[in-house]
Protein chains: 2
Amino acid sequence: MRRDIFQAIADPTRRAIIALIAIQAMTPNAIAEHFDTTRQAISKHLRILTECELVEQKHQGREIYYQLEIDKMKEIDKWLEQFRQIWETRFQQLDELLSIIKKT
Amino acid sequence: MRRDIFQAIADPTRRAIIALIAIQAMTPNAIAEHFDTTRQAISKHLRILTECELVEQKHQGREIYYQLEIDKMKEIDKWLEQFRQIWETRFQQLDELLSIIKKT
DNA sequence: TATATAAGCAACCGATCGGTTTCGCAAATT
DNA sequence: AATTTGCGAAACCGATCGGTTGCTTATATA
């Protein structure tokens, strides 16, 4: 059951769930209302999100509120960093090229 | 065959391929040498990456060089933007809290 | 105490995934 | 012209995915 964050965000429904609970913690039933599937399907998605620690449970009576563990999202940002360096370098090179053209 | 970038980066081998060809364009054979699988398996990954336009082909004789379409990576960055706003706000709030504590 | 509600869990299903093997084709090399 | 090399395409395979249905447990409410 090797879960990682990249696999977690691969599914569009899970990305939508993430965006939903980013605003405020919600129960599975409340989340399910936003989608065209059963609560059980949502529960499965929440289990995957919980397993890779993207989401946290907060028990409150018989309700379970799921909230986004926003810090975990930074892992994606961290991975992107190596490419951000490249595209910024490219941009800079383009910029330099343009200024050279301008001078001649 | 609905391919999107999030599904493309879900696989660890594909992420490694992306990182590899980010440095310089490479042929399928050259890429395959870096992994413990067959060239055909790599070819399949390249097909998926090509389908979602993360990668471009450059034919040169009978060799095909695959190069990263770095701009496409920005789509992930764009999606992350909404969450970056949240975690920066949280950080700011924490910062304010700390300065309030300091004052008292 | 009986009933309704919130939620997790397990079994099942068709579709897709990642991989291998085999094949065919086109470009280089001999 | 014959052979080697680089590559994609297709067929196949077991594993996993996303979903449903049916069940159990625990907390509220009548």
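Let's start where the two protein chains meet: in this predicted model, there are 2 residue pairs in polar contact between chain A and chain B, with both partners at pLDDT 80 or more. Which parts of chain A supply the side that touches chain B? Helix 1 (5-8), helix 2 (12-23) and helix 5 (70-103) of chain A each give two or more residues to it. Helix 5 of chain A makes the largest contribution, with 13 residues. If you sort the residues on this side of chain A by class, you get 15 nonpolar, 2 polar and 6 charged.

Some of those charges pair up across the boundary. The count of salt bridges between chain A and chain B is 2. You can look for one between the side chains of B:Asp77 and A:Arg84, where N and O are 2.7 Å apart.

Now step back and take in the whole interface. On chain A, 23 residues are in contact with 23 residues of chain B. Together the two chains bury about 2200 Å², and 76% of that is on carbon and sulfur atoms. Which residues of chain A lose the most area to chain B? They are A:Ile70, A:Trp79 and A:Trp87, and together they account for 25% of what the chain A side buries.

How are the two chains arranged relative to each other? Turn chain A by 180°, with 0.0 Å of shift along the rotation axis, and it superposes on chain B with an RMSD of 0.1 Å. The two copies are therefore related as by a two-fold rotation axis. If you want to find that axis from chain A, head for A:Ala10: its C-alpha is the nearest one in the chain, 3.0 Å from the axis. The interface tells a matching story: 100% of the interface residues of chain A are also interface residues in chain B, so the copies meet through the same surface.

Next, the DNA. Let's take strand D. It is surrounded by 25 residues, and the closest are A:Lys44, A:His45, B:Ser43, B:Arg62 and B:Tyr66, a list with residues from chain A and from chain B. Which parts of the strand does the protein approach? Of the strand D atoms within 4 Å of the protein, 61% belong to sugar or phosphate, and the rest belong to bases.

A few side chains from chain A show both kinds of approach. On the base side, A:Gln40 has a polar side-chain atom 2.9 Å from a base oxygen of strand D, and A:Lys44 has one 2.4 Å from a base oxygen of that strand. On the backbone side, a polar side-chain atom of A:His45 lies 2.4 Å from a phosphate oxygen of strand D. Zooming out to whole elements, those giving two or more residues to the surface near strand D are helix 2 and helix 4 (39-51) of chain A, plus helix 3 (28-32), helix 4 (39-51) and strand 2 (63-68) of chain B. Helix 4 of chain A has the largest share, 5 residues. By class, this surface has 5 nonpolar, 11 polar and 9 charged residues.

Finally, move over to DNA strand C. Around this strand there are 25 residues, and A:Asn29, A:Ser43, A:Tyr66, B:Lys44 and B:His45 come nearest. Here 57% of the strand C atoms within 4 Å of the protein belong to sugar or phosphate, with the rest in bases.

Which side chains of chain B can you pick out beside phosphate oxygens of strand C? Among them are B:Gln7, with a polar side-chain atom at 2.8 Å, and B:Arg14, with one at 3.1 Å. Add B:His45, which has a side-chain N or O atom 2.4 Å from a phosphate oxygen of the strand. The elements with two or more residues on the surface near strand C are helix 3 (28-32), helix 4 and strand 2 (63-68) of chain A, together with helix 2 (12-23) and helix 4 of chain B. Helix 4 of chain B gives the most, 5 residues. The classes near strand C come out as 5 nonpolar, 11 polar and 9 charged.

Technical notes. Residues numbered from 1 in each chain as written. Chains lettered and ligands numbered in written order. Predicted model: local features only at pLDDT ≥ 70, side-chain atom pairs only at ≥ 80, totals over all residues. Heavy atoms only, no water. Contact = heavy atoms within 4.5 Å. Buried area = accessible area lost by both parts, 1.4 Å probe. Salt bridge = Lys/Arg side-chain N within 4 Å of Asp/Glu carboxyl O. Polar contact = N/O pair within 3.5 Å; in protein donor to acceptor, adjacent residues only side chain to side chain. Helix = DSSP H or I, 4+ residues; strand = E, 2+ residues; numbered from the N terminus. Nonpolar A, V, L, I, M, F, W, Y, C, P; charged D, E, K, R; others polar. Least-squares fit on C-alpha atoms with pLDDT ≥ 70 in both. Near = heavy atom within 4 Å.
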